[in-house]
Amino acid sequence: MKKTLKRLGFSLIMPIFVISMVGMNIFVPHASAVSCTSLSAGDLFKVPDNSAVYLINSDLKRLYFPNSEIFHTWYDNFDNVIEIDKNCVDNYPAATSAPFGVNYRPGSRLVKLSISPSVYVVESGNIRAKITSEEVAAALYGPNWASLVRDVSDAYWPNFTATGEEIVAATPHDGMLIKISSSNKIYKIINGFKHEVVGTLGNFLAEDVRTVSQTVMDNLEDSGETTTPDEVVDNTAGGGLGDGEDNIPDEFLPQAPTLTAPASVTSGATFTISWNAFNDALFYTLEKSTNFSFSNATEDQFSNFPDLFSGSTTSSITATTYYRVKGSSNLGIGNWSNTVSVGVGCTLPSAPVLSSSQSTVNSGTSFTLSWTSITGATSYTLQKDINSSFLNGASVSLSSPTAVSATETHSVNNATNYSYRVKATNSCGDSIWSDVKTVQINQLCALPDAPVLTDPGDTKALGQAFTLSWTAVSGATSYVREYSSNTSFSNASSANTGVATNSSITHNTSGVYYYRTKAVNSCGNSDWSNSVDLTVVASGPPYNVPSRYITIQSAIDAASSNDTINVSAGTYNETITLKQGMVLIGEDPETTIIDAGDSGTGILAYGITAATIKNLSVTNASSRGIHINPGASQGGTFTIENCRIYGNGSGVDLWNGVTSGNVTIKNSVIYDNTYNGVDNSGFRNTTLTNNTIADNGRSGYYDWVGAGSHVFNNNIIVNNGWYGITPHRNSPRTISYNNVWNNTKGSYYEGFSGDPTVFIPNPGTGEKSQDPKFVDSANGDYHLQESSPSIDTGDPASAFGNELTPNGSRINMGAYGNTSEATKGGSFSQSYSGPDTSSTGVELTNFSVSGSNKVGGTLNVQYTFRNTKLYSLDFSSAGIFVGSRNASGVNKDFGFVQKTLSPGESYTFSASTIVDSTGTWHFWPAYSYAGGWGPYMWHDITVSVTN
């Protein structure tokens, strides 16, 4: 039932309007006291003779409604508005912090600043969040989402007190009401979960329910809880809910003005736009745009107070521009005026009158569209679409730009309506579109049957062409085949094959593909055929074996120079040929094995100048495990790292790096090969670091080059059938910190022509010749036992940080040095906590010795002295130091510090030394007075140093 309108409306909070409405009566004193109604949070109120309505927030402050549209996103009507005496307003002062007014209800509208194109959603809690794309806006708010966008002036923008995360995906936000088209269930989004709304929503809420896709709905988690229509409205004050109908009659909204402007003007000249104003409008909004749809419109607002006037403004343009205007009052926003266009130096053409020779035709039958000729038109545009909104309008090809007719023919498989419209163009611009004409196309023929698709097999190789075939269908004039990477064919690739019942296909991307086809005749398309699928073997990076490539060589063949080939654990029965600059990396040398199956070479790097081989094993190559051969007179840079090379002819064979070749072999185990472990027949520069080369039939390393630089550092080269290290007698070499032992013909020999002769390594620093004590070399385990003399005895300058502690602060020799697989070094730790006081008044505490007790290891000494006397103790001459004696009884004092200790002062002394011989070592805290006696030593700690 309609209720009587009480002209409550809404103030736009414009000071000049408030004064005009209230006048000077606000200064008239009241003769008697006023009884004020007590209001609560959520209440709505107004005062007599004023249309403004306010909301009481939780702090009992008043919030304004910027306009009636915002009010009606929260309430159906004004029934709950309480009228209070104007002298009571001070009991509810205006809010002193944002929000100062009420925003649109979350999910009801989209907002933007009038000066910015960015669009925002409204979320619960006065939060605005930016939408990043039109696609997301359409998915959440429908294809007509733009009609929900409202401009908010700078004055009202602060009412949004927070900015939420940008909306980058079609995920409904808090406050939205949503449903899917196939169901009447409505949900509200609360804290990211959907809550079913139980009950009937009022009209003002039902209009704001957004229809989303099934996918969008399915991606939301259901809270399992429900909510009511009353709970749906959750404004900033937490109350004041209304129901019923909005009863403002249209006649109370501002009337649509009549807009006038010149038809054309000189470019850049000033001209006047005018409209008739009405006294019920507070202000007018004038929009202008360079297109008739106003998609790029800008706007200006003009106040209608304090004096009523016929609105006008001046403008200047350089291209054809369109204008329209509408009024706004305290009750809402009126309709747009007529649209006028202003051309530059000319007049826009009139809209043609469109007609059709027929309103209904049969499928395949021609009909003619024609339109009136417009004086001065230089061309026409005829547009068609299957709906009258022309959302997907397409232009119809004309016989000439000035043609005034066109013939159309449509073959359809269902009755279809085609809509048409036309516009004229001259040098000034385009006319408006003509009226729409619709032609119904009726189906008169039978659709073809669906073809039957033949299964193409299980797999095809990447880049391999294959033929997809299907059965012929009677009456079909052509076929369409599709393939896609998913069963829904959402990203299908289509092709019309004509009358052919097969199609050649080549895939350049690996994965599973699905195929289907349909037949076509003059009536339309058949149903889709059965679907078949096949798997295409991968190509391109990443080159992972076997997850993307079944064999290592197939990955190499697909890759390019300098690419990386990643090989997972497994035994690969193949031989490998690398390309330029490739990096071949296994998962682990214990588990990633290339088994050449008694073929000639396991890994071949031929005719290239760079390659890296890491983390794998090579075995069963009858000639060479790894063969590096850049080609005659070429150089190159090659690295072999963390590999196991065993059971081959030669382990590593190096050829033809004679000009500038560099090969680095490190952290690798090269063992049990028939001939040499490393056979260098051509590389001038080789570096062997932290390798274990053992149990090979001939030499550990054999050099035929006689030039360059050859470095051997931290290697264990033992138990080989000929020699340990055999360089060419003319080859410069640096040999240090290696353990070369028990090689049948000797450790260090040089040769190439004549019989090899013994040489002494130069400088030969740190060389050992001792049993390295492998864990189980008979079964290929070349880790070191804890008693090995090769633990903590590598080059002191080498990094050791990757070895697990205790690591003796020094690298191990052999393949596992500076890796997590290194055998832990010798360790020692002994301490005396004290305190103890000497007769001289020095108190000793926290005396400790710790570190590696291997020869070459580092021992750290630390203790604390304190002066217990009432006078200073002077150690500024001889000082505080560590007294030590090695196993031969030789004093090796170290770490002197010269200083004076004041009464009660403490000093902590720290120093370290490298032990250089086996046996029992002694360490003491020690000191000597200036000009006095010393050294003074006590509390002996002994350390047993092993090899």
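The paragraphs below walk through one helix and several loops of this structure, which is a predicted model.

A good place to begin is helix H3, which spans residues 134-141 and in which Val 136, Ala 137, Leu 140 and Tyr 141 are buried. Viewed down the axis of H3, these buried residues fall within an arc of 100 degrees, so they line one face of the helix. The spacing behind such a pattern is a general one: an α-helix has 3.6 residues a turn, so residues three or four places apart point the same way. On the face of H3 that is turned away from the buried side, the reader will find the exposed residues Glu 134 and Glu 135. The buried residues of H3 are covered in part by strands, including S5 (110-113), S6 (120-123) and S13 (209-211). Just after the helix comes Gly 142, whose phi is positive, at about 90 degrees.

Positive phi values also turn up away from H3, in residues other than glycine. Phe 390, a residue of the loop between strand S27 (379-385) and strand S28 (394-395), has a positive phi near 55 degrees. Its relative accessibility is 8%, and because buried means under 20% relative accessible area, Phe 390 counts as buried. Tyr 737, which is found in the loop between strand S61 (733-736) and strand S62 (739-741), has a positive phi near 55 degrees, and at 15% relative accessibility Tyr 737 counts as buried.

Another loop to look at is the one between strand S2 (54-56) and strand S3 (62-64), where Asn 57 lies. Asn 57 is buried, with a relative accessible area of 10%, and its side chain reaches the backbone nitrogen of Asp 59 at a distance of 2.8 Å.

The remaining stops on this route are peptide bonds that lead into prolines. Val 545 and Pro 546 are joined by a cis peptide bond, for which omega is about 5 degrees, and Pro 546 has its place in the loop between strand S41 (543-545) and helix H7 (552-558). Further along the chain, the peptide bond from Gly 834 to Pro 835 is cis, with omega near 5 degrees, and Pro 835 lies in the loop between strand S67 (828-832) and strand S68 (836-837).

Definitions and conventions: Residues are numbered from 1 along each chain as its sequence is written. This is a predicted model: local features need pLDDT of at least 70, side-chain atom pairs count only at pLDDT 80 or more; totals for chains, interfaces and linings use all residues. Side-chain values use heavy atoms; hydrogens and water are left out. Buried means under 20% relative accessible area, exposed over 50%, partly exposed in between (1.4 Å probe, protein chains only). Helices (H or I, at least four residues) and strands (E, at least two) are DSSP runs, numbered from the N terminus. The arc is that of the directions from the helix axis to the C-beta atoms. Contact means heavy atoms within 4.5 Å. A polar contact is a pair of N or O atoms within 3.5 Å; within protein, one must be able to donate a hydrogen and the other to accept it, and residues adjacent in sequence count only if both atoms are side-chain atoms.
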